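User: Please take a close look at one part of this model and set it in the context of the whole chain. Keep it brisk, and keep the reasoning visible.

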Amino acid sequence: MYKRILLAYNGSDAGQKALLDCHDLAQWSQAELFLIAVMPLSMGLVGLEGGIYSKEFEDSEKKKYQAVLDDGLARLSQSGHTARGEVLIGDSVDEITSYASRIDADLIVVGHRHLDSWAARWWRGSISGALIEHASCSVLVAITP
């Protein structure tokens, strides 16, 4: 039975489906919930290789990720769950697996939407696939068509 569930949430349709799946699992197993939003490091470092670094841009992006996280926490709260949340900055897979280890998670839940073209799949990569390879606990991938 799962005691600590980590949900990596981005506010997308796939992320919202994962949030619902996480809610169902938490209700079934009475698990403690943790919610994270991962802001890519490149968002905070835009322009360091020849452009202009903007602290205002970084702060603006962090506020957007905080709003996504707050939305997810509110949705869980409305469903009767208490969850802790945090915005992390860095590589998604590294941050998710590191946070999961830090809280001793039993399960990581992520959303995934199938991409239409092979080029889109190649360009974007698969966070869920990489998590399965690198996580020290089980990974549930909630698929959104």
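**A helix, its partner and the strands beyond**

Analyst: Aspartate 94 sits in helix α4. This is a predicted model, and α4 is a good place to enter it. With a relative accessibility of 48%, aspartate 94 counts as partly exposed. The cut-off matters here: exposed requires over 50%, and buried requires under 20%. Aspartate 94 therefore falls in between. One distance links this residue to a later part of the chain. Its C-alpha atom is 9.6 Å from that of alanine 130, although the two residues are 36 positions apart along the chain.

Alanine 130 also belongs to the partner helix. Which residues of α4 and α6 meet? On the α4 side they are Ser92, Val93, Ile96 and Thr97. On the α6 side they are Ile127, Ala130, Leu131 and His134. By type, the residues of this contact split into 5 nonpolar and 3 polar, with no charged residue.

Now the geometry of the pair. Helix α4 covers residues 92–103, and helix α6 covers residues 127–134. Their axes come within 10 Å and cross at roughly 45°. How are the two helices oriented to each other? Angles under 35 degrees would count as roughly parallel, and 65 to 115 as roughly perpendicular. The angle here fits neither range, so α4 and α6 are oblique. The crossing of α4 past α6 is right-handed.

Threonine 97 gives a single-residue view of this contact. It is part of α4. Is threonine 97 buried or exposed? Its relative accessibility is 15%, so it counts as buried. Setting aside neighbours within four places in sequence, threonine 97 touches Leu131, His134 and Ala135. Leu131 and His134 are among the α6 residues named above. Aspartate 94, in the same helix as threonine 97, is partly exposed instead.

Follow the chain out of α4. Aspartate 104 lies in the loop between α4 and β4, the strand at 107–113. What is notable about its backbone? Its phi is near 60°, a positive value in a residue other than glycine. Aspartate 104 is exposed, with a relative accessible area of 58%.

Alanine 105 is in that loop too, but its burial contrasts with that of aspartate 104. At 9% relative accessibility, alanine 105 counts as buried. What does alanine 105 touch? Beyond neighbours within four places in sequence, its contacts are Arg4, Leu6, Ala100 and Cys137. The link to leucine 6 spans a long stretch of sequence. Alanine 105 and leucine 6 are 99 residues apart along the chain, yet their C-alpha atoms are separated by 6.3 Å.

Those contacts lead to the strands. Strand β1 takes in residues 4–8, and 4 of its 5 residues are buried, so the rest of the structure largely encloses it. Strand β1 runs parallel to strand β2, residues 32–39, and 5 bridges join the two. Within that pairing, isoleucine 5 has leucine 33 of β2 as its bridge partner.

Strand β2 is mostly covered as well, with 7 of its 8 residues buried. What pairs with β2 besides β1? Strand β3, residues 83–89, pairs with β2 in the parallel sense over 7 bridges. There, alanine 37 is bridged to valine 87 of β3.

Phenylalanine 34 ties these pieces together. It lies in β2. Its relative accessible area is 2%, so it is buried. Leaving out residues up to four places away, phenylalanine 34 touches Arg4, Ile5, Leu6, Leu7, Arg84, Tyr99 and Ile103. Arg4, Ile5, Leu6 and Leu7 fall in the range of β1. Tyr99 and Ile103 fall in the range of α4. Arg84 falls in the range of β3. Phenylalanine 34 and arginine 84 are 50 residues apart along the chain, and their C-alpha atoms are separated by 4.9 Å.

Step back to the whole chain. The protein has 6 helices and 5 strands. From the N terminus, the elements run β-α-β-α-α-β-α-β-α-α-β. Of its 145 residues, 36% count as buried. How much of the contact set is long-range in sequence? Among contacts with a separation of 6 or more, 75% involve residues 24 or more positions apart. The pairing of α4 with α6 and the contact of alanine 105 with Leu6 show such links residue by residue.

Conventions
Residues numbered from 1 in each chain as written. Predicted model: local features only at pLDDT ≥ 70, side-chain atom pairs only at ≥ 80, totals over all residues. Heavy atoms only, no water. Buried < 20%, exposed > 50% of the residue type's maximum accessible area, 1.4 Å probe, protein only. Helix = DSSP H or I, 4+ residues; strand = E, 2+ residues; numbered from the N terminus. Pairing = 2+ DSSP bridges. Axes fitted to C-alpha atoms, helices over the stretch in contact; angles between N-to-C directions. Parallel < 35°, antiparallel > 145°, perpendicular 65-115°, else oblique. Left-handed = near helix turned anticlockwise from the far one by under 90°. Contact = heavy atoms within 4.5 Å. Nonpolar A, V, L, I, M, F, W, Y, C, P; charged D, E, K, R; others polar.
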